[in-house]
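Dear colleague,

Please find below the structure that I am handing over to you, with its sequence. My notes on what was found in it follow.

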Amino acid sequence: MSESTEPAGTGGLTTGEVARRLGVAPTTVRTWDQRYGLGPDRHTGGRHRRWTPADVARLERMCALTATGIPPAEAARLARETPAPASAPAAPPSVLPRRAPAPQAAPASRAGSGLRLGDARQECKGIARAALRLDAAALDRLLLDAIREHGLVAAWTEVIVPTLQAVGRKWESSGERYVEVEHFLSWHVSGALRRAAPDTAPDRPGASVVLACVPGDNHTLALEVLSAALAQRGIPVRMFGGALPVESLIAAVRRTGPAAVALWAQSRATASRPLAQHVAAMEWGVRGARRGPLVLTLGPGWSGRPAPGTARPHGLADAVQALEGLATR
């Protein structure tokens, strides 16, 4: 029996369980043990390793220190020498949950790095730590686990977005110190969305959805998750990504005759009401049976700037529901 499958009721957490709690790969935990002496204080029988709450607390300090840029060797020394903060007695390892439910009034969780995550789901903590360490393998695994466990819409709304926002706030308040973390996390979120989405649904005349950022806007992640969610529901999508020029957007709508067009604007500077209204007024088809698209204005750029003749869903779930109902008529 390997250490990652041995039952936890034998007196501590396995290395695999510890890695999941910390949001790192099991090999990272083993490396910290072998290279820096951060292994468990005691063993059970044979080679199996069991981690007590004190052992895990030491590793959490290691995570917190390395996330601030301290070299691993120095972080390990400090983690070994710094006593764990006084707190209420910890629960026995055998009853520690893998993912604790969010408390009703929890103080801001910082994921060991100054990232304020509030009362977001427990998964946010592991994802934030993996992103701050630039741990690609752990980040991919944690993102896909969240999508599989909660579903695409809930994972995006309750796990991915709060983590992205926390990283963004850290970047803004740190003089661009964490810009590489934001780019790294965004790239892996994009990859996870593509891996979680099924194959593109075959086209059905008048049932497709066009997704595009307005000219001057390259924030595509929200459209990527919308595209994946629609693909899961068998709705054909044509995704044009960031900063689609006006002429190209008009040409794409005329060529495809979609049921709906979703336009993303991240800032008020790029949100163009005349463009949204122009697309909403487009028509095609034979005389007496002409039709046009429903235009959805998505993103914070449209806030307080409603465009007549368009719809503005409140969040991903509303957008999916509106487009699903329209494209399946």
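**Two loop residues and their surroundings**

Ala-243 is partly exposed, with a relative accessible area of 27%. Please bear in mind throughout that the model is a predicted one. Ala-243 belongs to the loop that runs between strand E2 (237–239) and helix H10 (246–256). Its phi is near 50°, a positive value in a residue other than glycine. Most residues other than glycine have a negative phi.

Leu-134 also deserves a note. The phi of Leu-134 is near 55°, again a positive value in a residue that is not glycine. Leu-134 sits in the loop between helix H5 (123–132) and H6. With a relative accessible area of 41%, Leu-134 is partly exposed, because values between 20% and 50% fall in that class.

**The protein as a whole**

The secondary structure comes to 12 helices and 4 strands. The protein has 329 residues, of which 46% are buried. Among contacts in the protein with a separation of 6 or more, 68% are between residues 24 or more positions apart.

**Helix H6 against helix H8**

The loop that holds Leu-134 leads to H6, and I turn to that helix next. Helix H6 (residues 136–150) and helix H8 (residues 179–196) have axes that come within 9 Å and cross at roughly 50°. That angle makes H6 oblique to H8. The crossing of the two helices is right-handed. On the H6 side, the contact is made by Ala-136, Leu-139, Asp-140, Leu-143, Leu-144 and Ile-147. On the H8 side, it is made by Phe-184, Leu-185, His-188, Val-189, Ala-192, Arg-195 and Ala-196. By class, the residues of this contact divide into 10 nonpolar, 1 polar and 2 charged.

One of the H6 residues in this contact is Ala-136. At 31% relative accessibility, Ala-136 counts as partly exposed. Not counting residues up to four places away in sequence, Ala-136 touches Phe-184 and His-188. Ala-136 and Phe-184 are 48 residues apart along the chain, and their C-alpha atoms are separated by 8.4 Å.

**Helix H10 against helix H11**

The loop that contains Ala-243 lies before helix H10 (246–256), and this helix has a contact of its own to report. The axes of H10 and H11 come within 11 Å and cross at roughly 20°. H10 is therefore roughly parallel to H11. The crossing of H10 and H11 is right-handed. From H10, the contact involves Val-246, Leu-249, Ile-250 and Val-253, while H11 provides Leu-275, His-278 and Val-279. These residues divide into 6 nonpolar, 1 polar and no charged.

His-278 is found in helix H11 (residues 273–280). His-278 has a relative accessible area of 43% and is partly exposed. His-278 and Val-295 are 17 residues apart in sequence, and the distance between their C-alpha atoms is 9.8 Å.

**Buried residues in helices H1 and H3**

How many of the 8 residues of helix H1 (residues 15–22) are buried? The number is 6, so helix H1 is largely enclosed by the rest of the structure. The buried residues of H1 are Thr-15, Gly-16, Glu-17, Val-18, Ala-19 and Leu-22.

Asp-55, found in helix H3 (residues 53–67), is likewise a residue to inspect. Is Asp-55 buried or exposed? Its relative accessibility is 0%, and Asp-55 therefore counts as buried, since the cut-off for that class is under 20%. The side chain of Asp-55 is joined to that of Arg-58 by a polar contact of 3.1 Å. Leaving aside neighbours within four places in sequence, Asp-55 is in contact with Gly-39, Pro-40, Asp-41 and Arg-50.

Yours sincerely

Key
Residues are numbered from 1 along each chain as its sequence is written. This is a predicted model: local features need pLDDT of at least 70, side-chain atom pairs count only at pLDDT 80 or more; totals for chains, interfaces and linings use all residues. Side-chain values use heavy atoms; hydrogens and water are left out. Buried means under 20% relative accessible area, exposed over 50%, partly exposed in between (1.4 Å probe, protein chains only). Axes are lines fitted to C-alpha atoms, for helices over the stretch in contact, and angles run from 0 to 180 degrees between N-to-C directions. Angles under 35 degrees count as roughly parallel, over 145 as roughly antiparallel, 65 to 115 as roughly perpendicular and the rest as oblique. A crossing is left-handed if the near helix is turned anticlockwise from the far one by less than a right angle, and right-handed if clockwise. Contact means heavy atoms within 4.5 Å. Ala, Val, Leu, Ile, Met, Phe, Trp, Tyr, Cys and Pro count as nonpolar, Asp, Glu, Lys and Arg as charged, and the others, Gly among them, as polar. A polar contact is a pair of N or O atoms within 3.5 Å; within protein, one must be able to donate a hydrogen and the other to accept it, and residues adjacent in sequence count only if both atoms are side-chain atoms.
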